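I sat down with this one to work through its fold and a few side chains. My notes are below, in the order I looked things up.

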Amino acid sequence: MSHSREMRALNDDEMKAVIEKLMKFIGENVRKLLERADNAYCLRLHHSRVYYLREDVMKRAIHVPRKALVSLGTCLGKFTHGGQFRVVVTALPVLAAYAQHKVWLKNGSEMTFLYGNNVTKANLSRISENTPAYSGVVVYSSADTALGFGVSARSTADCKRCEPIANVVLHQADLGEYLRQESSLLN
């Protein structure tokens, strides 16, 4: 992967990696994400980070000097030095809008998740029907606020018969990262 300092369109390999990772969370809704009726949207790479933005905003950004450009649009994730794509917490609004599988936490359990811990069955209020094991899930509070995302450790059926201390969602990112990692979030 080229680590160009300029904002550019993703190459085929990069686009494939991003689409595959997003499909774990939003499935076929990736098409809806990119082919919207209201505006034309695109994905752009800048400093190893992938941004989701409207094309008209991207065209206006051409007039901003590249060294002065810090961020543009919504950061969906970043490419690691090994070339793997990793979804970051700033993608949460996009994932929440198109999520296929969702998990809701009990009232007192939200802080545990926001401190970076996995979700156990004891913390689980409800889970989307037919959620398969190892699929991407968006985690919500009991008030329907998106708190973060992770990977389901068990299917919906397995969640119903597992022990209260068993992990049902493996933590990947949460809103608490805005405080815990504020210095490195955009670096």
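What follows are my entries on the sheet, the cores, an aromatic pair and one aspartate.

**Entry 1: the sheet.** First a reminder to myself that this is a predicted model. I looked up the strand order and got an open sheet of six strands, β7-β11-β10-β9-β6-β8, with mixed pairing. At the edges sit β7 (119-120) and β8 (124-127), each of which pairs on one side only. As background, strands of a sheet pair through backbone hydrogen bonds, in either a parallel or an antiparallel way.

**Entry 2: β9 and its neighbours.** I went to β9 next and checked both of its partners. Strand β6 (residues 102-105) runs parallel to β9 and is joined to it by three bridges; here I found Trp104 opposite Tyr140. On the β10 side the two strands run antiparallel, with five bridges, and Val137 has Gly150 as its bridge partner. The β9-β10 connection is a hairpin with five residues in between, and Asp144 in that turn has a positive phi of about 70°.

How many residues of β9 are buried? I got five of the five, so the strand is largely enclosed by the rest of the structure. Gly136, Val138 and Tyr140 point one way, Val137 and Val139 the other, and all are buried.

**Entry 3: β10 to β11.** Moving along the sheet, I noted that β10 (residues 146-152) and β11 (residues 167-174) pair antiparallel over five bridges. Val151 faces Leu170 of β11 in this pairing.

**Entry 4: the helix across the strands.** I then asked what lies across β9, β10 and β11. It is helix α1 (residues 12-26), which runs at about 50° to β9.

I also pulled the aromatic pairs and found four in the whole structure. Phe25 with Phe149 is an edge-to-face case, 5.2 Å centre to centre with 80° between the planes. This pair ties helix α1 to strand β10, its two members being 124 residues apart. Both rings belong to buried residues: Phe25 comes out at 3% relative accessible area and Phe149 at 0%.

**Entry 5: the cores.** The largest nonpolar core has 30 residues, and Val18, Leu22, Ile26, Val50, Leu76, Leu95 and Val138 touch the most other members. Helix α4 (residues 92-98) supplies the largest share, five residues. A second, separate core has 15 residues, among them Leu105, Phe113, Val119 and Ala166. For context, nonpolar side chains tend to be buried together in soluble globular proteins.

I followed up on Ile26. Leaving out residues up to four places away in sequence, Ile26 touches Leu33, Leu95, Tyr98, Ala99 and Gln100.

**Entry 6: an aspartate in β11.** Is Asp174 buried or exposed? Asp174 sits in strand β11 and is buried, with a relative accessible area of 0%; I count anything under 20% as buried, so Asp174 qualifies.

Next I looked for its polar partners. The side chains of Asp174 and His171 make a polar contact of 2.4 Å. A polar atom of the Asp174 side chain also lies 2.6 Å from the backbone nitrogen of Gly176.

Last, I listed what else surrounds this aspartate. Not counting residues up to four places away in sequence, Asp174 touches Val89, Phe113, Leu114, Gly116, Leu147, Gly148 and Arg180. I noted that Phe113 in that list also turned up in the second core.

Definitions and conventions:
Residues numbered from 1 in each chain as written. Heavy atoms only, no water. Pairing = 2+ DSSP bridges. Helix = DSSP H or I, 4+ residues; strand = E, 2+ residues; numbered from the N terminus. Contact = heavy atoms within 4.5 Å. Axes fitted to C-alpha atoms, helices over the stretch in contact; angles between N-to-C directions. Core = buried A, V, L, I, M, F, W, Y, C linked by side-chain atoms within 4.5 Å. Buried < 20%, exposed > 50% of the residue type's maximum accessible area, 1.4 Å probe, protein only. Polar contact = N/O pair within 3.5 Å; in protein donor to acceptor, adjacent residues only side chain to side chain. Phe/Tyr/Trp six-rings, centres within 6.5 Å; stacked < 30°, edge-to-face > 60°.
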